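Visitor: I should like to take a close look at a single part of this structure, the nonpolar interior, and to follow it outwards to the elements around it.

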Amino acid sequence: MIHNEFDSDCRAIINPEEHIRPVEGFPEICIGIFSRRMVEWILETYGGEKISRFGCCIGDIPIYKVKAFDTEVAVFMPLVGGPGAASTIEESIPKGGKCFVYFGAAGVLNKEIVHGKLLVPTAAVRDEGLSYHYLPPADEVELNPESVAACREALEALGFPYAQGKTWTTDAFWRETRGKLERRREQGCVSVEMECASLAAVAQFRGVPFAQFFYATDTLDGEGWDGGILHEKGAGLEGICFRAAVEIGRRMAGA
């Protein structure tokens, strides 16, 4: 099986540090946000300076330096899905990034979790492909306990309610079947999204702190799919999520 071909050799044929140069003044705290609307709100509210980019065949992804809450952070919008999102960690490290916080939408597997509530993943079920190139085969990848603790402590200090549990990372949005949903709930998953397992695997392989949280947008726990607030793309949650991400990053960086 291809998923059993993990190679622990840290040197690949193509390595990020050989092709990506350090960026002077690149913030140590990097925040990846899966919402164009939220990124635009942050830039309008706090301002930002474009300091670099991720090159991509469908168009460059800009990286902004933003100063908020007495902290400088790099802000960018990763591509959706494990491979595109994970490449932003790989390419940020040689630029100067030291710790990583990502946030975005997630569906919930428990209808008791209200839309808009923040979710902290403690582990991710690896129902995707990229993580198997970075870690030996396993059903799950555990998120770094210290980074998870930083999430909890930051949200509690800010007074932001949250739920926690495992997340189901899938790279097949249109193949979230009822049978798979029930198996993931048995494994302890409270949410479903498309990047966390990949991001956590890359961070673990590269030895960098990584944390992620979600805002609940839609519900799979019911007769059918409840699209909830997914179409709103984070509207009204921008301030809460960005404040939380900066605080989590500060704690991870020891600021």
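Visitor: Which residues have the most contacts inside the largest nonpolar core, and how many residues does that core have?

Guide: The model is predicted, so local features are given only at pLDDT of at least 70 and side-chain atom pairs only at pLDDT 80 or more, whereas totals for chains, interfaces and linings use all residues. Residues are numbered from 1 along each chain as its sequence is written, and side-chain values use heavy atoms, without hydrogens or water.

The largest nonpolar core has 71 residues, and those with the most contacts inside it are Ile 31, Phe 103, Phe 210, Phe 213 and Phe 242. Such a core is a set of buried Ala, Val, Leu, Ile, Met, Phe, Trp, Tyr and Cys residues joined through side-chain atoms within 4.5 Å. Buried means a relative accessible area under 20%, exposed means over 50%, and partly exposed lies in between, for a 1.4 Å probe and protein chains only. A second core, separate from this one, has seven residues, including Leu 109, Val 125, Cys 189 and Val 192.

Phe 213 offers a detailed view. When neighbours within four places in sequence are set aside, its contacts (heavy atoms within 4.5 Å) include Val 101, Tyr 102, Phe 103, Leu 118, Leu 119 and Pro 121. Cys 241, Ala 244, Ala 245 and Ile 248 are also among the contacts of Phe 213, and these four are buried residues of helix H7. Helices (H or I, at least four residues) and strands (E, at least two) are DSSP runs, numbered from the N terminus.

H7 covers residues 238–253, 16 in number, and reaches 22 Å from its first C-alpha to its last, close to the expected 22 Å; that expectation is 1.5 Å times one less than the number of residues. Phe 242, already named for its contacts in the core, is buried in H7, as are Val 246 and Met 252. Gly 254 follows the helix with a positive phi, near 75 degrees. In the loop between strand E10 (210–219) and H7 lies Lys 233, whose phi is positive, about 55 degrees, although it is not a glycine.

Ile 31 leads to strand E1 (residues 29–33), where five of five residues are buried. Ile 29, Ile 31 and Ile 33 point one way from E1, while Cys 30 and Gly 32 point the other way. E1 pairs in the parallel sense with E4 over four bridges and with strand E5 (residues 99–108) over five; pairing requires at least two DSSP bridges between two strands. Gly 32 has Phe 76 as its bridge partner in E4, and Cys 30 has Phe 100 in E5.

Cysteines also occur in the interior, yet the structure holds zero disulfides, a disulfide being a pair of cysteine sulfur atoms within 2.5 Å. Cys 151 cannot form one because the closest cysteine sulfur, that of Cys 196, is 9.7 Å away, too far for a bond. Cys 196 is likewise in no disulfide. Both residues are buried: Cys 151 has a relative accessible area of 1%, and Cys 196 one of 0%.
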